[in-house]
Amino acid sequence: MRPSFANMVRSSAFRTACLYSVLFIASLVALLSIIFSKATSEERRDLREKIKVETSSLLAIHRKQGVDALIQAIGQRAYGYYYYAVENSDGKRLVGNLGAARLAVGWYGVDLFADQGDRPAGESTTLEVRGTPLGDGAILAVGAIDEGADDLREFILYASSWVIGFTGVFALLGGLITYRASMRRIDMIASSSRDIMSGDLTHRLPLNGSGDEIDRLSDNINQMIARIEQLMAGMKQVTSDIAHDLRTPLGRLRQKLELARDGECTGAECKAVFDLAISETDGILETFDALLRIGKIDAGAAVRRFAEVDLSEMTARLGESYRPVIEDNSQLLKTSIETGVRVTGDRELLMQMLVNLMENAIRHCSSGTVISLSLSQGDKAALLTIADNGCGVPSEELPKILRPFYRLERSRSSVGSGLGLALVDAIARLHGIRLDLSDNGPGLKISLAFSNKPNAVLQPQPRH
Amino acid sequence: MRILVIEDDEETLDYIVKGLSQAGHMVETAHNGRDGIFMGMDGAYDVMIIDRLLPVIDGISVVKTLRSAHVASPILFLTTMGDVDDRVEGLDAGGDDYLVKPFAFSELRARIDALGRRAPTASEESCLTVGNLEMDLIRRTVRRASQQLDLQPLEFRLLEYLMRNAGRVVTQTMLLERVWEYHFDPKTKIVEANVSRLRAKLDRPFDEPMLRTIRGAGYVLDVPDGTG
């Protein structure tokens, strides 16, 4: 984003700075008003006290010596601190310097120069006045100039305007500085993310090490990019593996079709060639089918179908189904299956997982091998084990055999899509099953620890 | 049998029509869901073969419409949508069987035969009889020529399915789906191995073998002449 005034005003940093300065100014004004009203009320109380004392001394004169003495006394006292006036019952002013307005009873304010244009500059002209009845309809008023109130009000207005002015300027400056600082970081992040979008997944967002919210956000995004990079790399690997893996059967298919076209076979021979071609095609379709299945499982939609599954019954049936196959292979099956073991999952996928594990053991073991299938309910999890005493897997290759299309050197020529254990791995991850591969000394032992908590099951596990 | 095929892909349609006609069936075709519903409502077909991804009206809606109009003909979905969810959806909509493309023609034929000649309410009886073979579904016992056969639970289920479909070719895939509930293709010869165990108990002690292997297609439990 280009730095411009409009952009700055739109930015959240700037807006926050402005909002805070408005709040600050408002609270200052409120504070000054409270001080003002407190101070003026103190002043006024003092002033009123003085006016009351002066009034009572005049009232004493009036009571003892009458109106004339009062007027005389006022005449002597005038032009001092106080202002006076006396009106008779007809409203006629008898004496006084308290301006022209009619007198009233009680406290009130009088502007000394209310009728005149030429008020003295810089001086307070507001009087605090108290009117007192003299008994025969006449009124005595005593006033004094309310100097403090005006001075304070002026000071507060003066101070407020400076405060508001300064705060406004500082807020603008602060907003600008925060805006600049955050824009610099956001621009850096934006340019990094453009690099990443253009395909460079090794790029990462810059961190300044402060651990603030932008840093934490960037760190999270970096982790996300790392995961995407990993997934992309996995996908590229699988794509090239598929291409490699399918070249061989497609090549064989092509040879057979060529052979049949060139008429180098006759009758039954030809049929055999076609049969082989069809079985090659079936093999290729099977590979695609397995890939699709793995993709579907990884997408995790099957979680919706999860229900309680009787694992004991399923395992027993597996043993029953495969015993003839194992015996035909001159291998031996030993089973030890605890009854009543139940787990949460998708029946069909769990069945496929068990079948793949069983067939893996059967196909990769020579005759005479003992395959053992056991299921038990542990404290924390149901434990299913398929083990054999066959040739096993070198320990450094153990973690790799779950990868799609991974084949041990010695079984490279054997049939199979190379996806059987990858499918097992995907199903186990979906169900939150811990899959352990270990050396059975000799042979391979695969253990599946089913989680007892259905909730844990609902979280697809990350690829190991 | 009179068969309706609703399929929009010309090549697949040709392949199905040619194969079914050769097998002696009368085949009629529709190229989209609307025509399919129209024809399905009108004629009494023995079996309908319906693709899922059809123009105008999709296969699932076609089947739902036909079923809500009380068309009772057996329906086979023939589709590329082979996921578990897809299959469950198809069967829930009123399909009787679900075959995923690409398929072997022998597989399609066996399934159509099984659907078309299905006994009306075969699941209720307590006893199945094929020739001199008797199965008591309640006591879980099997006798052949009054001689008790000692079958494992899996062999019993396998024989039950074969007896219910006696006289018809049953493919390996059909057995895997119905007896094992495996909707995937195991790599080992699990069906052959188990059928051969069953055959050892069913046929070896007797002169007349009943369970025949049809090469490249499947198995048939023969119905002796004069019965079934």
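Buried means under 20% relative accessible area, exposed over 50%, and partly exposed in between, with a 1.4 Å probe and protein chains only. The model is predicted: local features need pLDDT of at least 70, side-chain atom pairs count only at pLDDT 80 or more, and totals for chains, interfaces and linings use all residues. Residues are numbered from 1 along each chain as its sequence is written, chains are lettered from A and ligands numbered from 1 in the order in which they are written, and side-chain values use heavy atoms, leaving out hydrogens and water.

**Exercise 1. Profile the two chains.**

Task: State what share of the residues of chain B counts as buried, then profile chain A likewise.

Solution.
- Start with burial. Of the 228 residues of chain B, 50% are buried. For chain A, with 464 residues, the share is 39%.
- Next, secondary structure. Helices (H or I, at least four residues) and strands (E, at least two) are DSSP runs, numbered from the N terminus. Chain B has 8 helices and 11 strands. Chain A has 10 helices and 12 strands.
- Then contacts (heavy atoms within 4.5 Å). In chain A, 63% of contacts between residues at least 6 apart in sequence join residues at least 24 apart. The corresponding figure in chain B is 58%.

**Exercise 2. Check a helix length.**

Task: Test whether the end-to-end distance of helix α2 of chain A agrees with its residue count.

Solution.
- Count residues. Helix α2 of chain A covers residues 12-65, which is 54 residues.
- Compute the span. The rule is 1.5 Å times one less than the number of residues, so α2 of chain A should span 80 Å.
- Compare. Its end C-alpha atoms are 79 Å apart, which agrees.
- Look past the end. G66(A), just after α2(A), takes a positive phi of about 90°.

**Exercise 3. Describe the interface.**

Task: Work out which residues, areas and charged pairs make up the contact between chain B and chain A.

Solution.
- Residues come first. Chain B gives 24 and chain A gives 23.
- Now area. Buried area is the accessible area (1.4 Å probe) that two parts lose on being put together, summed over both. Here that is about 2300 Å², with 50% from carbon and sulfur atoms.
- Count the salt bridges (a side-chain nitrogen of Lys or Arg within 4 Å of a carboxyl oxygen of Asp or Glu). There are 9 between chain B and chain A.
- Name one. E181(B) pairs with R347(A) at 3.6 Å, N to O.
- Locate the elements. On the side of chain B that touches chain A, α4, α6, α7 and α8 of chain B each give two or more residues. Of these, α8(B) gives the most, with 4 residues.
- Take a second pair. R197(B) and E327(A) form a salt bridge at 3.5 Å, N to O. R197(B) lies in α8 of chain B and E327(A) in α7 of chain A, so the pair joins two chains.
- Check accessibility. R197(B) is partly exposed at 21%, and E327(A) is partly exposed at 40%.

**Exercise 4. Trace salt bridges within chains.**

Task: Find which parts of chain A the D298(A)–R429(A) pair ties together, then turn to chain B.

Solution.
- Begin in chain A. The side chains of D298(A) and R429(A) meet at 3.2 Å, N to O. D298(A) lies in helix α6 and R429(A) in helix α9, so the pair ties together parts 131 residues apart in sequence.
- Compare burial. D298(A) is partly exposed at 37%; R429(A) is buried at 8%.
- Move to chain B. R144(B) bridges to D203(B), with the closest N and O atoms 3.0 Å apart. Both residues are buried.
- Finish with the network. Salt bridges that share partners join D97(B), E107(B), R111(B), E177(B) and R178(B). E107(B) lies in helix α5 of chain B and is buried at 9%.
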